[in-house]
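Hi,

Here is the structure I promised to pass on. Have a look at it first, and then read on for my notes.

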Amino acid sequence: MKSYEFASLLCSRLCHDLLSPVGALNNGLELLVDEHDPEMRARCLELLGESARASANKLKFFRLAFGAAGGFADEVDTREARVAIEGLFGGDGRIELGWMIDEQTMGKSALKVLLNLALLAGDALVRGGRLDVGAERYEGGLDIVVRGQGPRIVLDPELKQALLGQTSEEAIAPRAAGAWLAHCLVRDGGGQLQVGDGEEGVLLFGASLPTA
């Protein structure tokens, strides 16, 4: 797949995810113009604030997960990843985040793999649950583990196939762009990816990345 084609997939995914909170901002502003009741105006402002935070959180996450992470060196502070994941999934209390990473920094490629695996697992927790994110260095590499647990887990087969490289590049849809990106980063880095979804209510992603 050519780089500009993949960039188009990522842009489509980004626009899709931002459509809801940005649309809510627009609707809220329209309501605010015509609303004169103080309580309703206060509620409109509250909803506008929520939509603005959701938009900002999504942009922060996608900047790290999909973008060049401008402003960061080759090694990125892992606290940036934690804040991004908490902002994306922790705002409404549906998903509890477990953070099991002692490493203070991580390479950009590894961080992108971690974030995209977290995105897949978090989206699969359709009724909420717990999202555990872990990483540990070993001699010669880095292991990443992302575990989702909840009452109902739905991982689209298309996303799983893209993550494992079991689909053609021409068949990648925008919604699978993050999964394909994680696959390419692990593949190009000489690593391995595993998906464990055989246990009911549990989804497990694992990535092993050799250190350059």
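How many of the 12 residues of α6 are buried? The count is 9 of the 12, so α6 is largely enclosed by the rest of the structure. Before I go further, please keep in mind that this is a predicted model.

**Helix α6 and what follows**

The buried residues of α6 are Ala177, Gly178, Ala179, Trp180, Leu181, Ala182, His183, Cys184 and Val186. The helix also has the length one would hope for: at 1.5 Å a residue, its 12 residues should span 16 Å, and the end C-alpha atoms are indeed 16 Å apart. After α6 comes Gly190, which has a positive phi near 75°.

His183 may catch your eye, as it sits in α6 (residues 177–188). Is His183 buried or exposed? With a relative accessible area of 13%, His183 is buried, because the cut-off for that is under 20%. Leaving out residues up to four places away in sequence, His183 touches Ala162, Leu163, Leu164, Gly165 and Leu193.

**The β6 and β7 hairpin**

Leu193 brings us to strand β6 (residues 192–196), where Leu193 and Val195 form the covered face. The uncovered face of β6 is made of Gln192, Gln194 and Gly196. In general, side chains in a regular strand alternate between the two faces of the sheet.

Strand β6 runs antiparallel to β7 (residues 202–210), and 5 bridges join the two. There are 5 residues between the strands of this hairpin, and Gly201 takes a positive phi near 80° there. The bridge partner of Gln192 in β7 is Ser208. Ser208 is partly exposed, at a relative accessible area of 23%. Not counting residues up to four places away in sequence, Ser208 touches Tyr138, Leu142, Asp143, Val186, Gly191 and Gln192; of these, Val186 is one of the buried residues of α6. Ser208 also lies 9.6 Å from Gly189, C-alpha to C-alpha, with their positions 19 residues apart in sequence.

**Helix α3**

Helix α3 (residues 78–89) has 12 residues and reaches 17 Å from its first C-alpha to its last, close to the 16 Å expected at 1.5 Å a residue. Which residues of α3 are buried? They are Thr78, Ala81, Ala84, Ile85, Leu88 and Phe89. Seen down the helix axis, these buried residues fall within an arc of 115°, so they line one face of α3. The background here is that an α-helix has 3.6 residues a turn, so residues three or four places apart point the same way. The elements that cover the buried residues of α3 include α2 (38–65), β1 (75–77), β2 (95–101), β3 (105–107), α4 (108–124) and β4 (129–138).

**The nonpolar core**

The largest nonpolar core has 54 residues. Within this core, the residues with the most contacts are Ile85, Leu117, Ile144 and Phe205. Helix α4 gives the most to the core, with 11 residues. Leaving aside neighbours within four places in sequence, Leu117 is in contact with Ile144, Val146, Leu163, Leu193, Phe205 and Ala207. Leu163 and Leu193 are also among the residues that His183 touches.

Asn116 is found in α4 too. Asn116 is buried, with a relative accessible area of 0%. Apart from neighbours within four places in sequence, its contacts are Ala65, Phe66, Gly178, Leu181 and Ala182.

**The aromatic cluster**

The structure holds 2 aromatic pairs. The rings of Phe61 and Phe62 have their centres 5.9 Å apart and their planes at 85°, so that pair is edge-to-face. Phe62 and Phe66 form a stacked pair, at 5.1 Å centre to centre with 15° between the planes. Together, the ring pairs link Phe61, Phe62 and Phe66 into a cluster. Phe61 counts as buried at 0% relative accessibility, and Phe62 does at 4%. Phe66 is buried as well.

Lastly, Cys11 in helix α1 (residues 3–34) is partly exposed at 46% relative accessibility. Cys11 and Phe66 are 55 residues apart in sequence and 9.4 Å apart in space, C-alpha to C-alpha.

Happy to talk any of this through.

Best wishes

Key
Residues numbered from 1 in each chain as written. Predicted model: local features only at pLDDT ≥ 70, side-chain atom pairs only at ≥ 80, totals over all residues. Heavy atoms only, no water. Helix = DSSP H or I, 4+ residues; strand = E, 2+ residues; numbered from the N terminus. Buried < 20%, exposed > 50% of the residue type's maximum accessible area, 1.4 Å probe, protein only. Contact = heavy atoms within 4.5 Å. Pairing = 2+ DSSP bridges. Expected span 1.5 Å × (residues − 1). Arc of directions from axis to C-beta. Phe/Tyr/Trp six-rings, centres within 6.5 Å; stacked < 30°, edge-to-face > 60°. Core = buried A, V, L, I, M, F, W, Y, C linked by side-chain atoms within 4.5 Å.
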